[in-house]
Amino acid sequence: MHSLKAELDITSLTQQLKELIEKHVNQSVSKAVNDLVENILDKTVQTAVDRLQTSNSVDMATFRLEMEVAVTSCALSSIIYNTGDIIKFSDVKLSNGIGNANNFKSSGKFTCEKPGLYLIGAYIVSYTKGSEFHIMKNGIMVSRVYVRPPLNSSDDNHHTGTGIIAVQLDVNDTLSIKASTTMQVQGGGYSCLTIIKEKMNL
């Protein structure tokens with residue numbers, strides 16, 4: 001009887017010891033695997049970041065090579081324009097291939113120096129009811145953009161109107177954005193204009 005009890009005690013102790021060893025081994029293995037996975041993830045993330053930074057540098061360099069003309073400029077501050085006023089985007093963010101950037105900043109008119117097909121994109125934020133702007137070529141409207149409907153509600157005051165159009169320009173042709181109504185234009189990067197011309201590959 002004592003022998004059987006001793007065997008049971010040893011079996012129980014052996015089982016407990018086995019479970020304890022397995023638990024510690026599993027924890028050690030789990031920690032090692034976790035460390036390995038974290039190390040791989042860290043390296044993968046760093047590699048991805050490095051690739052992204054390199055890719056962005058290459059993409060920007062390629063963009064500058066492929067774009068013969070490129071300008072992106074934003075409204076510097078919030079201003080109320082009267083009907084027919086040229087909206088000025090005097091905060092130039094990017095300028096490539098244009099010699100009259102200062103004239104553009106002060107007058108709001110882009111004057112073509114290199115003939116070709118241009119892509120124009122403009123977005124304007126305004127709280128003025130019924131606000132609208134026009135994309136103009138040589139003083140003639142080529143596109144009109146509705147910004148905010150004449151709502152009676154005072155809620156949801158600010159709206160964005162976006163216009164994108166392709167226009168063929170010759171040397172000395174002008175582009176501008178005009179207020180179609182008396183309207184507020186939100187500055188500080190909320191209202192911007194981009195004009196680009198891709199290089200022709202012959």
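Where does Gln186 sit? Gln186 lies in the loop between strand 10 and strand 11, with helices (H or I, at least four residues) and strands (E, at least two) taken as DSSP runs and numbered from the N terminus. The model here is a predicted one, so local features need pLDDT of at least 70 and side-chain atom pairs count only at pLDDT 80 or more, while totals for chains, interfaces and linings use all residues. Residues are numbered from 1 along each chain as its sequence is written, and side-chain values use heavy atoms, with hydrogens and water left out.

Back to that loop. Gln186 comes out as buried, at 18% relative accessibility; buried means under 20% relative accessible area, exposed over 50%, and partly exposed in between, with a 1.4 Å probe and protein chains only. Its side chain makes a polar contact of 2.7 Å with the side chain of Gln184. A polar contact is a pair of N or O atoms within 3.5 Å; within protein, one must be able to donate a hydrogen and the other to accept it, and residues adjacent in sequence count only if both atoms are side-chain atoms. Leaving out residues up to four places away in sequence, Gln186 touches Ala75, Ser78, Val125, His158 and Ser191, where contact means heavy atoms within 4.5 Å.

Now for the strands. Strand 5 covers residues 116-126, and eight of its 11 residues are buried, so this strand is largely enclosed by the rest of the structure. Strand 5 pairs with strand 8 (residues 159-169) in the antiparallel sense over 11 bridges, two strands being paired if DSSP finds at least two bridges between them. Within that pairing, Gly121 stands opposite Ile164 of strand 8. Strand 5 also runs antiparallel to strand 11 (residues 192-198), to which five bridges join it. Ile120 has Ile195 of strand 11 as its bridge partner, and Leu119 has Ile196. Strand 11 is further paired with strand 1, again antiparallel, over seven bridges; there, Met67 is matched with Glu198.

Elsewhere, four strands form an open sheet in the order 4-9-6-7, with antiparallel pairing. Strand 4 (110-111) and strand 7 (140-146) stand at the edges with a single partner strand each, so one side of each is left without a neighbour in the sheet. Strand 4 meets strand 9 (residues 174-179) in the antiparallel sense over two bridges, and Thr111 has Thr174 as its bridge partner.

Two buried polar residues turn up in this sheet. Glu132 belongs to strand 6 and is buried, with a relative accessible area of 10%. Its side chain makes polar contacts with the side chains of His134, at 2.9 Å, and Arg144, at 2.7 Å. Beyond four places in sequence, the residues that Glu132 touches include Arg144, Tyr146, Lys178 and Met183. Ser143, in strand 7, is buried too, with a relative accessible area of 16%. Outside its neighbours up to four places away in sequence, Ser143 touches Phe133, His134, Ile135 and Ile165. Ser143 and Ile177 are 34 residues apart along the chain, and their C-alpha atoms are separated by 9.7 Å.

Then there is the greasy part. The largest nonpolar core has 29 residues, of which Ile87, Phe110, Ile120, Phe133 and Ile177 touch the most other members. A nonpolar core is a set of buried Ala, Val, Leu, Ile, Met, Phe, Trp, Tyr and Cys residues joined through side-chain atoms within 4.5 Å. Elements that each supply at least two residues of this core include strand 1 (67-74), helix 2 (101-107), strand 6 (132-137) and strand 10 (183-185). The largest share, four residues, comes from strand 5. Setting aside neighbours within four places in sequence, Ile87 is in contact with Ile124, Phe133, Ile177 and Val185, among others.

Finally, a search of the whole structure finds one cavity of 30 Å³ or more, with a volume of about 50 Å³. On a 1 Å grid over the protein atoms alone, a cavity is a set of points where a 1.4 Å probe fits but cannot get out, and lining residues have an atom within 4 Å of a point. Grid points are joined across faces, edges and corners, and a volume is the space filled by probe spheres set on the points. The lining includes Phe104, Phe110, Ile120, Leu175, Ile177 and Ile195. Strand 9 gives the most to that lining, with three residues.

Conventions: 1 Å grid on protein atoms, 1.4 Å probe; cavity = no way out; pocket = protein on both sides within 12 Å on 5 of 7 lines; lining within 4 Å.
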